[in-house]
Structure formats: C-alpha cells, structure tokens
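I opened my notebook to a clean page for this one. Here is what I looked up, in the order I went through it.

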Amino acid sequence: NTISFYPEGGNLVVGLNSHVTFQAYDEKGRDAVVNGCVLSKSGDTLSTFSTSVFGKGSFYIKPATVKSVAKVKFENKEYSFDMPEALDSGYVMQVDNSENDFVGIVINKSTDLKPESLGVALTCRGVLYGYDSFSIGEENVVSLRFPKKMLPSGVSQITLFNDCGLPLAERMIFVNHNSPINIEV
C-alpha cells in the first residue's frame with residue numbers, strides 16, 4: 001500500500017497553512033479508498049483526510065514541526081507514512097483556478113523572513129504570458145489576480161521567484177477556453 005503527498009507549490013512550511021493533495025494505491029497499484037490523520041512529533045492531530053474519487057483527495061495542514069506522520073486506515077488496517085518534511089521557514093503559494101475569468105494567487109511568507117521583492121510568472125509551453133513583481137513585507141501575505149484570457153488553452157505554469165530569479169514555489173493549472181481541436185487521422 002502506498003500513498004503520495006503533494007504540497008501545493010512544492011513545500012510545506014512550519015507555521016503556514018498549506019493545501020496538500022494525495023494519491024493512494026493498494027498493493028496491486030489500484031486506487032485505494034482510505035482515511036487518516038496527520039500527527040505532529042508530539043502526537044497532536046494536525047489534519048484529517050479521506051479519499052474522494054480514484055484514490056485522490058486533499059486537505060489543509062499547518063505544520064507545527066519539520067517532521068510529521070500520516071496514519072492511514074485501509075481495509076481495517078492502519079499504516080504509517082512520513083509526510084514530506086516541512087521547511088523551517090519559507091513561502092507557500094496557493095492558487096484558485098475555480099473562477100471562469102481569473103486565476104487567484106495567494107502567497108504567504110514566514111514571519112521570520114525579511115521583506116523582499118518577489119515575482120510571479122505565468123508561462124505556457126515555454127512562453128511568458130504574464131508577470132508581476134511585488135514586495136511582501138510585514139503583512140506576510142499578498143493576493144494577486146490574473147485574467148485567464150491572457151493565457152492560451154492548455155497547461156500553464158505559475159512560478160514564484162525571488163529577486164535573484166531563484167524559484168520559491170511552482171504550480172501547474174489547466175485553462176480551457178473551449179478552443180476548437182483539429183484532429184486528423
């Protein structure tokens with residue numbers, strides 16, 4: 001039995017609320033129906049979760065320590081899995097792609113980080129379609145919105161980076177403008 005955890009943006013950060021998706025499989029590689037909880041080193045419950053469809057699900061977690069464990073129940077047996085290690089400090093990026101006309105992006109930073117200039121780039125198939133630079137200061141959170149009409153249909157990548165160009169978080173989204181598809185056989 002296997003379960004894989006995917007923090008949105010790439011990393012969990014201690015003290016910052018993060019969205020995590022997961023995929024569970026049974027011993028034959030089939031989608032598994034599971035439920036469970038995430039526990040801190042001291043045994044405190046940080047979050048609970050269960051699969052929704054095709055062995056997939058998601059939950060929110062605010063890591064209290066670098067290391068945490070997921071206790072998972074599958075077919076009346078309990079299994080333990082290590083969660084991805086959380087960074088002591090850093091950035092968390094959450095993307096809302098549910099609106100028809102806009103993509104919403106929320107960036108949170110750890111309180112111990114100094115204010116700095118950051119950038120967000122939206123690319124599709126290696127082409128830059130949108131960009132914004134901003135400072136994130138004492139408020140520790142920034143919200144951005146980009147019109148979807150600036151992006152082509154397909155998978156686009158959103159990258160958060162610092163003023164040296166170092167990527168801090170990345171996320172893929174799918175944009176569908178109901179563009180006609182030409183298929184030839």
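**Starting at S40**

I began with S40, which counts as buried because its relative accessibility is 8%; buried means under 20% relative accessible area (1.4 Å probe, protein chains only). I then placed S40 in strand β4, residues 35–40; strands are DSSP runs of E, at least two residues, numbered from the N terminus. Setting aside residues up to four places away in sequence, I found S40 touching L46, T65 and S68, where contact means heavy atoms within 4.5 Å.

**A note on the model**

This is a predicted model, so I kept in mind that local features need pLDDT of at least 70 and side-chain atom pairs pLDDT 80 or more, while totals for chains, interfaces and linings use all residues. Residues are numbered from 1 along each chain as its sequence is written, and side-chain values use heavy atoms, without hydrogens and water.

**The cores**

Next I looked up the largest nonpolar core (buried Ala, Val, Leu, Ile, Met, Phe, Trp, Tyr and Cys joined through side-chain atoms within 4.5 Å). It has 20 residues, and V120 is among those with the most contacts inside it. Elements giving it two or more residues include β11 (102–109) and β12 (116–124). A second, separate core has 18 residues, including F5 and I61.

**The sheet**

Last, I traced an open, antiparallel sheet of 3 strands in the order β10-β11-β14; strands pair if DSSP finds at least two bridges between them. Its edge strands are β10 and β14. I noted 6 bridges joining β10 to β11, and D96 opposite G104 in β11.

Conventions. Helix = DSSP H or I, 4+ residues; strand = E, 2+ residues; numbered from the N terminus. Buried < 20%, exposed > 50% of the residue type's maximum accessible area, 1.4 Å probe, protein only.
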